[in-house]
Amino acid sequence: MAIKKAEFVMSNSQVSKCPKENLPEYAFIGRSNVGKSSLINMLTNQKSLAKTSGRPGKTQLINHFKIDNSWFLVDLPGYGYARVSKTTKRVFQQFITKYFEERTQLVSAFVLVDVRHEPQKIDVAFMQWLGEHNIPFAIIFTKADKLKPLAIERNVAAYQQVLLETWEEFPPYFVTSAENRVGKEELINYIETINEQVKDNK
Ligand code: GTP
Ligand code: MG
């Protein structure tokens, strides 16, 4: 399946002001610069629906994009970005945590990690936090164009090993490249399958 229509709805820092519609929602979260906004553009076939930048800290608010009039993709600010002041960082973290705690429309989070790196503490800790809050998530490995297939396999396996120390199962995962448009179909099909399940349960 492909996305036919994607529109920007709103940006804000308050969960209470997010769209009221009861549509299934999927949020992209991860370290600054990992490629959250770029992946949203890749999935929706748009160059600059979500704002991207080579400098970390580009996305600063909760951004809602309505897809095919039936579900939302949400672009969030990155965590672990050191260059913003401590106060700004705290405010970010507060509203991101609040978003995950209070947004009842959220069906699944996608935690994006750069496929080139070893498992990072902050990502593993964030996944742990999601688990403790019963928030389902999948992992998206980004920037696959930067590594050869064997190296990708090795790094995914390293991730599995670390997570399986604390989790019974490895969550669903996707290997993607916004640059080469890798992983698009798999990701959209996964979301569409969940959308169908949500509909059936209503
Ligand atoms: P923040 O909004 O700052 O948290 O960052 P983000 O996670 O939204 O990252 P963004 O999409 O803005 O991309 C950061 C940088 O990584 C940009 O320079 C992108 O061009 C680059 N980038 C994103 N995805 C890919 C990819 O799949 N491959 C390559 N090679 N570069 C990518
Ligand atoms: Mg961004």
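This is a short dialogue about how terms are applied to a predicted model.

Student: Why is Ser177 called buried?
Tutor: Buried means under 20% relative accessible area. Ser177 has 0% relative accessibility, so Ser177 counts as buried.

Student: Where does Ser177 sit in the chain?
Tutor: Ser177 belongs to the loop between strand E7 (173-175) and helix H5 (184-201).

Student: What makes the pairing of Ser177 with Asp145 a polar contact?
Tutor: The cut-off for a pair of N or O atoms is 3.5 Å. The side chains of Ser177 and Asp145 come to 2.8 Å, and they make a polar contact. The side chain of Ser177 also reaches the backbone nitrogen of Glu179, at 3.2 Å.

Student: Why is Asn134 called exposed?
Tutor: Exposed means over 50% relative accessible area. Asn134 has 68%, so Asn134 counts as exposed. Its place is the loop between helix H3 (121-132) and strand E6 (137-142).

Student: How far is Asn134 from Phe174?
Tutor: In sequence, they are 40 residues apart. In space, their C-alpha atoms are 21 Å apart.

Student: What about Ser16: buried or exposed?
Tutor: The cut-off for exposed is over 50%. Ser16 has 53% relative accessibility, so Ser16 counts as exposed. Ser16 lies in the loop between strand E1 (6-12) and strand E2 (25-30). Along the chain, Ser16 and Lys98 are 82 residues apart, and 9.7 Å separates their C-alpha atoms.

Student: What makes Ser37 and Thr59 donors to the magnesium ion (ligand 2)?
Tutor: A donor here is an N, O or S atom within 2.8 Å of the metal. Ser37 (OG) and Thr59 (OG1) coordinate the magnesium ion at 2.0 to 2.2 Å. Those values fall within the cut-off, so both atoms count as donors.

Student: Why does this pair tie together separate parts of the chain?
Tutor: Ser37 lies in helix H1, while Thr59 lies in the loop between H1 and strand E3 (62-67). The two are 22 residues apart in sequence, so the pair links those parts. Ser37 and Thr59 are also buried.

Student: How do you know that H1 is largely enclosed by the rest of the structure?
Tutor: Count its buried residues. They are 8 of the 9 residues of H1, so the helix is largely enclosed. Among them are Lys36, Leu39, Met42 and Thr44. After H1 comes Asn45, with a positive phi near 60 degrees.

Student: Which residues are closest to ligand 1?
Tutor: The closest are Ser38, Gly57, Thr59, Asp145 and Ala178, out of 22 residues that surround ligand 1.

Student: What makes the approach of Gly35 to ligand 1 a polar contact?
Tutor: The limit for such a pair of N or O atoms is 3.5 Å. A polar backbone atom of Gly35 is 2.9 Å from an oxygen atom of ligand 1. That is within the limit, so the pair counts as a polar contact. For Gly57, a polar backbone atom is 2.7 Å from an oxygen atom of ligand 1. Ser37 uses a polar side-chain atom, at 2.9 Å from an oxygen atom of the ligand.

Student: What lines the largest pocket?
Tutor: Its lining has 28 residues, with Asn33, Val34, Gly35, Lys36 and Ser38 nearest the centre. Helix H1 gives the most, with 4 residues. By class, the lining holds 6 nonpolar, 14 polar and 8 charged residues. The space inside is about 400 Å³.

Definitions and conventions:
Residues numbered from 1 in each chain as written. Chains lettered and ligands numbered in written order. Predicted model: local features only at pLDDT ≥ 70, side-chain atom pairs only at ≥ 80, totals over all residues. Heavy atoms only, no water. 1 Å grid on protein atoms, 1.4 Å probe; cavity = no way out; pocket = protein on both sides within 12 Å on 5 of 7 lines; lining within 4 Å. Points joined across faces, edges and corners; volume = space filled by probe spheres on them. Nonpolar A, V, L, I, M, F, W, Y, C, P; charged D, E, K, R; others polar. Donors = N, O, S within 2.8 Å, 3.2 Å for Na, K, Ca; no water. Buried < 20%, exposed > 50% of the residue type's maximum accessible area, 1.4 Å probe, protein only. Near = heavy atom within 4 Å. Polar contact = N/O pair within 3.5 Å; in protein donor to acceptor, adjacent residues only side chain to side chain.
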